[in-house]
Amino acid sequence: MSKRLPARRLDGLEYNPWVEFIDLSKEYETVNLGQGFPNFPPPDFAVEAFQQAVSGDFMLNQYTMAFGYPPLTKILASFFGKLLGQELDPLENVLVTVGAYGALFTAFQALVDEGDEVIIIEPFFDCYEPMTLMAGGRPVFVSLKPVFSKAELELVARLCQQHDVLCIADEVYQWLVYDGLQHISIASLPGMWARTLTIGSAGKTFSATGWKVGWVLGPDHIMRHLRTVHQNSIFHCPTQSQVAVAKSFEREQLHMGQPSSYFVQLPKAMQRNRDHMTHSLQSVGLKPVLSQGSYFLIADISDFKSKMPDLPGAAEEPYDRRFVKWMIKNKGLVAIPVSIFYSVPHQKDFDHYIRFCFVKDEATLQAMDKKLQKWKAELGP
């Protein structure tokens with residue numbers, strides 16, 4: 001074709017680091033600790049709810065309401081309304097999306113106009129920048145530590161209000177908080193509900209990332225614009241997975257705060273995994289940074305950067321990317337370089353960290369231990 005085929009909004013967005021590192025890992029015998037997904041089953045009650053949705057009422061094979069299966073929007077409004085200190089209307093304040101990814105894309109398309117500045121706090125999930133650019137926005141990067149105290153959140157909230165800024169809060173890991181700490185939604189702080197979109201994920205909430213059910217919560221004067229994008233793009237999310245998520249939240253609401261709650265059990269189990277991985281990584285000289293939440297921990301590789309600075313790779317390639325490739329090929333362990341979560345000008349400043357996912361089953365952690373024991377033996381006394 002003589003006409004330029006791709007839209008200009010896609011310029012510079014073709015490269016995906018995930019594809020590069022995952023493809024490389026398939027060429028070797030590796031333990032994949034890079035990608036952020038559980039390799040253990042969702043809780044029994046969630047699986048049973050999905051099975052019932054598939055095998056029960058045949059009408060669940062058809063469309064439901066475009067903006068969300070009514071029992072799901074109702075339970076999300078009830079459940080999160082209590083946490084946010086708001087009376088949520090299921091029709092006006094809740095939108096069900098194709099995963100949190102879909103929620104983010106819908107929000108950027110609805111709210112970011114040509115030339116708008118979008119403040120992205122680093123480290124950031126790598127889709128934020130391309131989603132900003134595709135919407136015509138201009139990313140503005142600010143490097144901060146990745147976990148905020150309440151006082152720091154309050155400072156961000158004051159700045160949002162002082163400068164009349166909308167806040168998009170990606171809170172998919174809100175139930176995975178460790179060491180007795182508590183998640184605080186920025187929308188719950190004084191003056192923030194009216195200018196905040198809160199995004200969640202059933203995949204992260206119920207360890208079922210393949211269900212691809214996400215949601216956005218927010219005030220109607222913002223949400224109406226997201227609904228416009230939604231109804232003119234995907235229009236509708238799979239009914240049966242929404243049914244299963246609704247049933248799962250209804251169950252959790254009955255058990256909230258009790259030892260039987262999955263939101264109590266999962267972080268306890270994952271904290272044990274985190275501690276296991278932390279101890280194991282230290283055995284070969286990696287220096288884990290204590291993770292207070294999410295699926296991941298970060299390891300400092302500064303000592304390796306000093307001892308073996310000339311790993312193969314392009315001269316401009318950040319060290320952590322070269323190190324991860326070396327580790328995949330020579331040690332059989334897959335991690336993700338932290339520099340991919342930073343803007344290009346800042347990547348060299350954070351190229352001495354790599355990220356591991358500890359939300360894995362016992363067999364995977366044992367396989368990791370074997371790889372690390374072999375690595376340790378190769379280091380010698």
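**Exercise 1. Find the helix that holds K331, decide whether K331 is buried or exposed, and list what it touches.**

Step 1: K331 sits in helix 12, which covers residues 319–331. Keep in mind that you are looking at a predicted model.

Step 2: Now check the accessibility. A residue is called buried when its relative accessible area is under 20%. K331 has 15% relative accessibility, so K331 counts as buried.

Step 3: Look around the residue. Leaving out residues up to four places away in sequence, K331 touches W326, K371, W375 and E378.

**Exercise 2. Describe the largest nonpolar core and the surroundings of F249.**

Step 1: Start with a general idea. In soluble globular proteins, nonpolar side chains tend to be buried together.

Step 2: Here the largest nonpolar core has 76 residues. Those with the most contacts inside this core are F249, L286, F323, I354, F356 and W375.

Step 3: Ask which helix gives the most to this core. The helix to pick is helix 3 (residues 70–84), with seven residues. The core also takes at least three residues from each of domain 1 (8–42 + 261–379) and domain 2 (44–255).

Step 4: Zoom in on F249. Setting aside its neighbours within four places in sequence, F249 is in contact with I75, L76, F79, F80, T205, F206, W215 and F263.

Step 5: Another core, of 21 residues, lies apart from the one containing F249. Its members include L104, V112, I120 and A135.

**Exercise 3. Work out how helix 4 and helix 8 are arranged.**

Step 1: Locate the pair: helix 4 spans residues 99–111, and helix 8 spans residues 220–231.

Step 2: Their axes come within 8 Å and cross at roughly 105°.

Step 3: Angles of 65 to 115 degrees count as roughly perpendicular. Helix 4 and helix 8 are therefore roughly perpendicular to each other.

Step 4: Find the residues that make the contact. Helix 4 supplies T106, A107, Q109, A110 and L111, while helix 8 supplies I222, H225, L226, V229 and H230.

**Exercise 4. Count the disulfides, then explain why C237 has no bond to C127.**

Step 1: Recall that a disulfide is a covalent bond between the sulfur atoms of two cysteines. The cut-off used here is a sulfur pair within 2.5 Å, and the count comes to zero disulfides.

Step 2: Take C127. The nearest cysteine sulfur, that of C167, is 15 Å away.

Step 3: Take C237. Its closest cysteine sulfur is in C127, and because the two are 16 Å apart, they are too far for a bond.

Step 4: Check accessibility. C127 is buried at 3% relative accessible area, and C237 is buried at 2%.

Conventions:
Residues numbered from 1 in each chain as written. Predicted model: local features only at pLDDT ≥ 70, side-chain atom pairs only at ≥ 80, totals over all residues. Heavy atoms only, no water. Core = buried A, V, L, I, M, F, W, Y, C linked by side-chain atoms within 4.5 Å. Buried < 20%, exposed > 50% of the residue type's maximum accessible area, 1.4 Å probe, protein only. Helix = DSSP H or I, 4+ residues; strand = E, 2+ residues; numbered from the N terminus. Domains from an automatic or database assignment. Contact = heavy atoms within 4.5 Å. Axes fitted to C-alpha atoms, helices over the stretch in contact; angles between N-to-C directions. Parallel < 35°, antiparallel > 145°, perpendicular 65-115°, else oblique.
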